[in-house]
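Please look at the model below with attention to how its ligands are held. The report that follows describes their surroundings and ends with aromatic contacts.

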Amino acid sequence: MHVVVPFDARDPKTRLAPVLDPDERRDFARAMLDDVCRAVEETGHEPTVLATAGIDVEWPVEVDDRSLSEAINAVLARRDGPVTVVMADLALTTPEALDRVFEAEGEVVLVPGRSGGTNVVLARHPDFRVDYHGVSIRDHRERAAVAGRETTSVDSFRLSTDVDDPSDLVEVLLHSEGAAAAWLVDHGFDVHAEDDGVTTVRRD
Ligand SMILES: Nc1nc2c(ncn2[C@@H]2O[C@H](COP(=O)(O)OP(=O)(O)OP(=O)(O)O)[C@@H](O)[C@H]2O)c(=O)[nH]1
Ligand SMILES: C[C@H](OP(=O)(O)O)C(=O)O
């Protein structure tokens with residue numbers, strides 16, 4: 001299985017700017033990338049990082065500075081067999097969660113992200129192409145349906161939890177033991193219960 005992990009190496013995780021400065025966002029994004037790639041590796045597949053610029057990681061890196069969808073579609077167009085795309089911000093990923101995707105049947109297997117995104121795509125049909133951003137889960141289902149492809153959804157808390165906004169950091173602290181969670185702890189983040197919900201605080 002060809003497993004691609006797309007990564008914005010230049011200015012990642014801009015939505016975390018309220019709580020992390022640019023260097024911290026890069027470091028935290030890299031920690032999440034490491035967690036995702038390691039989980040992929042533990043399933044027995046080697047991840048390829050599809051990055052917007054050269055980066056130094058333990059896994060093969062392909063550099064493509066086109067938009068996310070263009071870069072992924074170029075991979076889908078040139079590969080013969082099935083391709084899985086796993087987003088690099090799935091800090092709660094485990095090998096077991098990924099195995100559920102690899103074992104799911106269907107020509108197109110999708111894991112929805114919260115708020116309309118598509119966190120994992122397994123494309124077994126050679127004609128399937130992605131269209132990320134906006135309500136991409138709806139767009140991907142519609143594309144598959146129009147083409148008469150069978151779509152399977154995998155319901156996974158771990159894989160549906162992408163880390164986009166500051167409120168998502170609670171999930172990393174509570175449910176991950178990987179590099180991203182360790183990075184947050186090292187940088188003073190902690191879970192904090194308030195009257196109106198659970199959030200994070202950052203201590204000096
Ligand atoms: N190769 C590639 N990967 C991208 C690109 N844009 C985003 N990604 C990656 O695609 C995944 C999902 O993207 P987003 O959730 O929007 O992440 P992001 O762009 O780092 O975050 P924001 O700046 O907050 O939107 C993450 O793994 C990103 O690193 C791109 O233009 N090219
Ligand atoms: C790339 C995008 O990610 P989100 O912005 O939803 O996290 C999507 O899944 O379409």
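In this predicted model, in which local features need pLDDT of at least 70, side-chain atom pairs count only at pLDDT 80 or more, and totals for chains, interfaces and linings use all residues, an oxygen atom of ligand 2 lies 3.0 Å from an N or O atom in the side chain of D162. This is a polar contact, meaning a pair of N or O atoms within 3.5 Å. The polar contacts of both ligands are set out in the table.

| Ligand atom | Protein partner | Distance |
|---|---|---|
| Ligand 2, oxygen | R15, side-chain N or O | 3.1 Å |
| Ligand 2, oxygen | D162, side-chain N or O | 3.0 Å |
| Ligand 2, oxygen | D164, side-chain N or O | 2.9 Å |
| Ligand 1, oxygen | P6, backbone N or O | 2.9 Å |
| Ligand 1, nitrogen | L50, backbone N or O | 3.0 Å |
| Ligand 1, oxygen | D164, side-chain N or O | 3.2 Å |

Taken alone, ligand 1 exposes 600 Å², of which the protein buries 86%, while ligand 2 taken alone exposes 300 Å², of which 87% is buried by the protein; these accessible areas come from the Shrake-Rupley method with a 1.4 Å probe.

The residues around ligand 2, each with a heavy atom within 4 Å of it, are R15, L68, G117, T118, Y132, H133, S136, D162 and D164. By class, this shell has two nonpolar, four polar and three charged residues, where Ala, Val, Leu, Ile, Met, Phe, Trp, Tyr, Cys and Pro count as nonpolar, Asp, Glu, Lys and Arg as charged, and the others, Gly among them, as polar. Ligand 1 is surrounded by 16 residues, the closest being P6, D8, K13, T14 and A88, and its shell has seven nonpolar, three polar and six charged residues.

A search of the whole structure finds one aromatic pair, the term being used for rings of Phe, Tyr and Trp (its six-membered ring) whose centres lie within 6.5 Å, with planes under 30 degrees apart counted as stacked, over 60 as edge-to-face and the rest as tilted. The partners are F28 and W183, which form a tilted pair at 5.6 Å centre to centre with 45° between the planes. This pair links distant parts of the chain, since F28 belongs to helix α1 (residues 22–42) and W183 to helix α7 (residues 179–186), 155 residues apart; helices are DSSP runs (H or I, at least four residues), numbered from the N terminus.

Residues are numbered from 1 along each chain as its sequence is written, chains are lettered from A and ligands numbered from 1 in the order in which they are written, and side-chain values use heavy atoms, with hydrogens and water left out.

Definitions and conventions:
A polar contact is a pair of N or O atoms within 3.5 Å; within protein, one must be able to donate a hydrogen and the other to accept it, and residues adjacent in sequence count only if both atoms are side-chain atoms. Helices (H or I, at least four residues) and strands (E, at least two) are DSSP runs, numbered from the N terminus.
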